[in-house]
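Have the structure open in a viewer, with selection by chain and residue number ready. The stops follow in order.

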Amino acid sequence: MSTVLTAVIVLFLLAAIFGIVLGYASVRFKVEGNPIVDQIDAILPQTQCGQCGYPGCRPYAEAIAGGDAINKCPPGGQTTIDALADLLDVEAVPLDAEHGEEKPRSVAYIREDECIGCTKCIQACPVDAILGAAKQMHTVIISECTGCDLCVEPCPVDCIDMIPIETTPNTWKWPEPPSPMQLIATDRGRGVAASEAP
Amino acid sequence: MSKVFSFHGGIHPPGNKKRSTRAAIGKAPLPKTLVVPMQQHIGGPADPLVKIGDQVLKGQLIAEPISRISAAIHAPTSGKVVDVAAYPIPHASGLSEECIVIESDGEDRWIEHQGLDDYRQLRRQDLIEHIRNCGIAGMGGAGFPTDVKLHLSEDHIVNTLIINAAECEPYITADDMLMRERAHEVLGGIEIIAHLLRPSHVLIGIEDNKPNAIHALEAVLKDTELNIDIVVVPTKYPSGGERQLIKLLTDLEVPSGRIPADIGIVCQNVGTTAAVYRAVHYGEPLISRIVTVTGDAVLHPRNLETLIGTPFSTLLEACDLRPEALSKLVMGGPMMGVTVENDQIPVIKTTNCLIAATAQEMPLAPPAQACIRCGMCEQACPAELLPQQLYWFAKGREFDKAKHHNLFDCIECGACAYVCPSNIPLVQYYRYAKSEIRTEQRDQQKADHARQRFEARQARLEREVAEKEARRKARAEEAAKAQQQKAATQSDASPQPAAAAEPDAKQLKTAAAVARTKLKKAQKAYDEAVGTNADNLAELEAALNDARSKAEAAEKALAAGAPATEEGSGDDLKQLKVAAAVARTKLKKAQDALKNAEDKGLDGVDKLRATLVTLENKAEEAQQAYEQAANKPASPSPAPTEEKPAEVDIKALKQQVSIMRTKLKKAESALDGCEDEAEIARMKTEVNELKQRFEQATAEFDKAEQALIERAAKSGIDLKQLRIDAAMARAAVTKGERSLSKADNDDERSQIEQELTSARAKADELNLTLSQYE
């Protein structure tokens with residue numbers, strides 16, 4: 001009888017000790033906010049364009065953490081969707097066309113002699129990439145521009161163009177070699193033709 | 001002879017070198033136009049210094065480096081700058097970049113230049129600066145600016161200087177020919193670099209397929225004092241790779257992600273040493289290099305001393321190209337070079353070879369087969385990587401994993417692809433994966449930057465809103481405080497009997513005025529009613545009487561209330577004064593108007609005159625009323641003693657003295673600020689006058705004060721003591737009053753009241769005494 005009692009007491013004590021330790025740890029090492037939001041936010045392209053329907057990338061990251069769809073980010077495109085699917089262990093779905101389509105990266109360009117200096121685009125820019133003052137010509141700091149499009153709409157004289165970023169030898173990427181895996185022995189002739197084509 | 005070690009892997013492709021070493025180094029023809037790219041290596045592009053239309057001389061600086069890792073660019077020949085724009089550059093992408101296009105004038109005229117007399121006398125810094133100004137960049141492969149490497153001894157201990165003369169890639173013989181024909185230049189360059197880096201020994205790594213070059217070097221090495229060893233290494237590709245050569249010569253491995261200088265070694269290409277020699281001894285910038293033009297499609301393969309910016313077509317023509325045989329034009333060696341489509345692309349500082357290959361020589365790559373996991377690529381890899389794994393990762397876009405398998409240690413030598421039995425273009429996969437990773441990193445950097453800016457902006461907006469809110473709150477609080485203060489002063493004023501009389505008098509006045517108006521209205525209504533013989537005459541009459549009586553009562557109350565307090569009379573006095581002043585102003589205005597009117601001969605002159613007269617009367621009346629009132633306060637005072645005028649006197653005197661002082665000060669400061677001489681003189685007299693008046697006033701005041709004190713002393717009273725006592729008594733009274741208002745017990749209250757009465761009596765007595773003397 002006493003053995004059983006001892007065992008019960010020991011188990012009870014252990015449970016109590018672990019309970020206290022865990023309780024303390026949950027208070028002491030409490031994580032503020034949802035850490036997954038930061039991870040999602042790190043994957044999003046940070047254009048802050050709002051095409052997803054949220055006012056910026058972080059709000060969308062929070063929404064995704066709350067269960068929203070992962071395919072609402074046109075600037076990130078399929079790459080971002082794949083990365084998010086990988087992170088959240090959900091199925092990668094194609095981009096939701098409702099929110100726009102994936103376009104090549106671009107930067108805003110202000111036609112400076114048409115600018116009237118209304119500062120509307122400056123207020124719209126989410127990353128402070130437009131320089132200018134009231135009644136003075138504005139200009140875009142290209143290195144800071146995320147190409148989010150948000151300045152185009154407010155411009156009263158439509159002097160802002162979105163110009164796709166040109167590839168320079170520094171940003172040029174080697175193309176992916178044609179995959180050899182589609183070849184089977186009987187395809188040899190076609191394979192040669194295919195590799196000659198480009 | 002030093003011991004030779006070995007590196008992992010490597011291959012033995014056919015050399016094909018002999019064909020281009022039969023002829024001596026020739027001179028490439030001077031082309032009509034030269035295209036000089038602004039970026040010829042890794043690092044920052046140079047910044048053009050010339051404009052279209054500028055005349056340049058050979059060796060003239062045409063673009064300066066704008067960042068640390070960047071090289072100066074010089075005009076390769078004399079001529080005119082015809083364009084500064086984007087042109088195709090020798091790059092795998094085939095894209096265009098900014099270039100300076102020079103139209104040669106055929107004279108090839110040098111700019112004035114001269115070498116350094118004795119570089120050993122110069123400070124190291126200056127010597128390196130000279131080399132930087134000559135635009136020397138590594139001529140082996142990457143074109144790394146040489147001056148950056150020469151600085152390495154400042155923060156690294158450099159034990160070994162390795163001169164890379166291996167030239168392991170097939171076809172290329174540029175370095176071989178250079179050593180054969182210009183061994184002394186190579187040695188001179190080595191001496192300069194050794195002087196800068198101070199290594200304990202120098203090793204020249206050279207493959208055993210260049211016996212002539214080895215002989216030439218050995219011949220010149222006899223004259224040097226330096227500790228230079230020629231290390232002949234077996235021919236194996238890629239022994240010319242920097243890390244592979246270091247392993248061969250020293251058995252040391254450069255850790256991944258580090259530079260050779262971290263293990264005390266610096267590598268320089270032989271071509272670079274010769275360029276350094278020419279820059280230091282002759283002051284010649286790097287404007288030409290030796291290019292091997294070879295391949296089966298040229299009839300006379302050879303090495304040509306070529307100006308930077310010479311189009312490939314010029315070189316091919318110089319070596320008698322058979323255009324019909326050409327199937328592939330390769331820039332660089334057959335292993336690591338890239339195919340170019342455009343023969344107008346210019347030679348740059350790193351162009352060491354041009355292969356015009358026939359279809360037999362370089363057939364199209366056979367279609368790739370599936371990887372059979374044979375492992376031959378691993379055996380061939382000189383960087384000891386796992387090419388097969390990297391291939392799978394690159395293919396599956398698992399770039400992270402590829403990175404973890406040290407993809408970036410791959411030197412893209414092509415040995416793995418060379419041995420692959422499935423003909424898989426492995427190097428292309430690695431290049432693709434590398435550029436994808438680099439792009440990803442760039443995008444990530446940009447995203448982080450954008451996030452930072454976005455968050456900063458967000459924080460700023462929030463702060464601005466908060467600041468606005470705070471300001472609004474502060475304003476509201478201030479307003480509330482002001483309101484409270486106003487209320488407090490009003491409530492403070494009411495309990496004081498003297499102050500209370502003022503609003504009373506005002507109220508009474510208003511009441512009287514209202515009553516009068518009402519009376520007038522009633523009278524008017526009554527008169528009208530009488531005129532029209534209305535029914536409600538009796539009613540109106542009653543109302544009129546009522547109003548009249550009310551008005552009379554108000555007037556009476558006013559008459560009783562107004563003189564009731566001294567303050568009230570003072571107030572009246574002030575009002576009278578104001579009235580008098582207003583009357584005077586009106587009079588003046590009227591006079592002015594009259595004058596104007598008279599001048600212009602207007603009709604209303606008579607009317608104006610009449611107004612003026614009434615106004616004059618009014619003004620006089622007001623003045624009189626004021627004077628009367630002003631004289632009054634003296635008369636109703638309770639004890640019209642003979643001392644009273646003295647009091648007035650002394651106060652007035654005091655005021656006068658202070659006024660004089662202020663005036664004097666003002667006049668003096670005005671005098672200080674004044675510059676005009678006449679003005680100064682006028683002011684000086686004024687000041688003097690004021691001074692006199694001030695002195696007079698002070699004297700009068702002193703006299704009066706003295707008289708007072710004397711008079712008090714006569715009665716045996718110390719005036720000062722008296723003053724203090726009086727003040728103390730007054731304070732006691734106020735204190736008592738305060739405690740009385742606080743006390744709630746009746747007994748206590750009566751006690752305090754008693755005390756208060758006695759204190760009051762004492763204070764009154766003291767005040768009275770004091771007032772007698774002041």
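**A tour of chain B**

Select residues 564–569 of chain B: here pLDDT (the predictor's confidence in each residue, from 0 to 100) stays under 50, and the model has 14 contacts beyond four places in sequence for this stretch. A contact means that two C-beta atoms, placed from the backbone, lie within 7 Å. Where pLDDT is low, the predicted coordinates should not be read in detail.

This is a predicted model, in which local features need pLDDT of at least 70 and side-chain atom pairs count only at pLDDT 80 or more, while totals for chains, interfaces and linings use all residues. Residues are numbered from 1 along each chain as its sequence is written, and chains are lettered from A and ligands numbered from 1 in the order in which they are written.

Chain B averages a pLDDT of 83, and 83% of its residues score at least 70. Next, select residues 496–501 of chain B, where pLDDT is below 50 and the model shows 8 contacts beyond near neighbours in sequence. For the complex, the predictor gives an ipTM of 0.80 and a pTM of 0.66.

Now select strand S13 of chain B, residues 288–294 (strands are DSSP runs of E, at least two residues, numbered from the N terminus). Because 7 of its 7 residues are buried, S13 of chain B is largely enclosed by the rest of the structure. Buried means 20 or more other C-beta atoms within 10 Å of the residue's own, with C-beta atoms placed from the backbone.

Add S14 of chain B, residues 302–307, which pairs antiparallel with S13(B) over 6 bridges; pairing requires at least two DSSP bridges. B:Val291 has B:Leu304 as its bridge partner.

Key: A residue is buried if 20 or more other C-beta atoms lie within 10 Å of its own, exposed if 12 or fewer, and partly exposed in between; C-beta atoms are placed from the backbone. Helices (H or I, at least four residues) and strands (E, at least two) are DSSP runs, numbered from the N terminus.
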